[in-house]
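Here is a short note for a colleague who has not yet looked at this structure. The points below are meant to be read with the model open.

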Amino acid sequence: MPKKPEVILSSDGSHSIISPVFDTLYHSRHGAITESKVVFIQAGLDFLFHQGIKKIVVFEMGFGTGLNALLTQQWAENHQIKIIYHTVEAYPLTEEVIALLNYGDLLKSQEIYLKLHDLSWGSLHEISPNFTFTKWHSELETLTLDMHFDVVFFDAFGPNTQPALWQAPIMEKMYAWLKPQGVLTSFCAQGAFRRALKEVGFNVDKIPGPPGKREMTRAIKPQLHS
């Protein structure tokens, strides 16, 4: 019988899960919602907003618990900025597990949270005029998308768990998918990961991490020059 994910309570009162596939946490024990806000909302969306971008196209690796997508939808409504959101997930959580998670309750958006999980794969869904959402049931290695993104939320399990996803071939794919001056943001601060980003052409910054992590990574695709 397949092992069930184990739900735990993180330090900010939000849940995380121990993956039965990889035997590792989806989010930080120091605060799942806090981590997502620091790593993806602040370092990604807020950063682009302050650059004056009025429409943001997001790619997320991987959908997981749906927390990043829910926080992004709320950010879009709060800022009245249109977001086109694409996310990929190879190992979707079951309805039974999703029902146990408290993100929708804590963020006062349970209906939207459940909807993001219930929507069909591979189709564009307009959640609101400010937020369109598409999720892909696929491994990142085989996913092909004919579009370009302003920001990549790189939220795979860590390099010790999914090493191939943190190496140069995948970073080259992310580089190709990003627009010039596009941003890749990740909780990971590992030296090998940063070297892979630099190898494919990113400018890489060390920035303060969420609680429990001194540093994280933000990489920027340089502006192309004619």
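**Notes on the predicted model**

1. Start with Asp155, which sits in the loop between strand S7 (149-154) and helix H6 (168-177). Please keep in mind that the model is predicted. Asp155 is buried but has no salt bridge. The nearest side chain of opposite charge is that of Lys213, 11 Å away; a salt bridge would need the nitrogen within 4 Å of a carboxyl oxygen, so Asp155 and Lys213 do not form one.

2. What does Asp155 touch, apart from its neighbours within four places in sequence? The contacts are Phe40, Met61, Gly62, Asn68 and Phe187. Two of these residues return in the pockets: Met61 is among the residues closest to the centre of the largest pocket, and Phe187 is among those nearest the centre of the second largest.

3. The largest pocket holds about 330 Å³ of space. Its lining has 27 residues, with Met61, Glu89, Ala156, Phe157 and Gln162 closest to the centre. Strand S3 (55-61), helix H2 (67-79) and strand S4 (82-89) each give at least two residues to this lining. By type, the lining comprises 14 nonpolar, eight polar and five charged residues.

4. The second largest pocket has a volume of about 280 Å³. Of the 17 residues lining this pocket, Leu25, His27, Ser28, Glu35 and Phe187 lie nearest the centre. The lining divides into seven nonpolar, six polar and four charged residues.

5. Helix H6, which follows the loop of Asp155, is mostly covered, with seven of its 10 residues buried. These are Ala168, Ile170, Met171, Lys173, Met174, Tyr175 and Trp177. They pack against S3, S7, strand S8 (178-186) and helix H7 (191-199).

6. How many salt bridges are there? The count is three. One joins the side chains of Lys179 and Asp150, at 3.3 Å from N to O. This pair links distant parts of the chain, since Lys179 is in strand S8 and Asp150 in strand S7, 29 residues apart. Lys179 is partly exposed, at 29% relative accessible area, whereas Asp150 is buried, at 8%.

7. Arg194, Arg214 and Glu215 form a network of salt bridges. Arg194 meets Glu215 at 3.6 Å, N to O. That pair also spans distant parts of the chain, from helix H7 to strand S10 (residues 215-220), 21 residues apart. Glu215 pairs with Arg214 too, at 3.4 Å. Arg194 is buried at 7% relative accessibility, Glu215 is partly exposed at 21%, and Arg214 is exposed at 71%.

Technical notes
Residues numbered from 1 in each chain as written. Predicted model: local features only at pLDDT ≥ 70, side-chain atom pairs only at ≥ 80, totals over all residues. Heavy atoms only, no water. Helix = DSSP H or I, 4+ residues; strand = E, 2+ residues; numbered from the N terminus. Buried < 20%, exposed > 50% of the residue type's maximum accessible area, 1.4 Å probe, protein only. Lys, Arg positive; Asp, Glu negative; His and termini not counted. Contact = heavy atoms within 4.5 Å. 1 Å grid on protein atoms, 1.4 Å probe; cavity = no way out; pocket = protein on both sides within 12 Å on 5 of 7 lines; lining within 4 Å. Points joined across faces, edges and corners; volume = space filled by probe spheres on them. Nonpolar A, V, L, I, M, F, W, Y, C, P; charged D, E, K, R; others polar.
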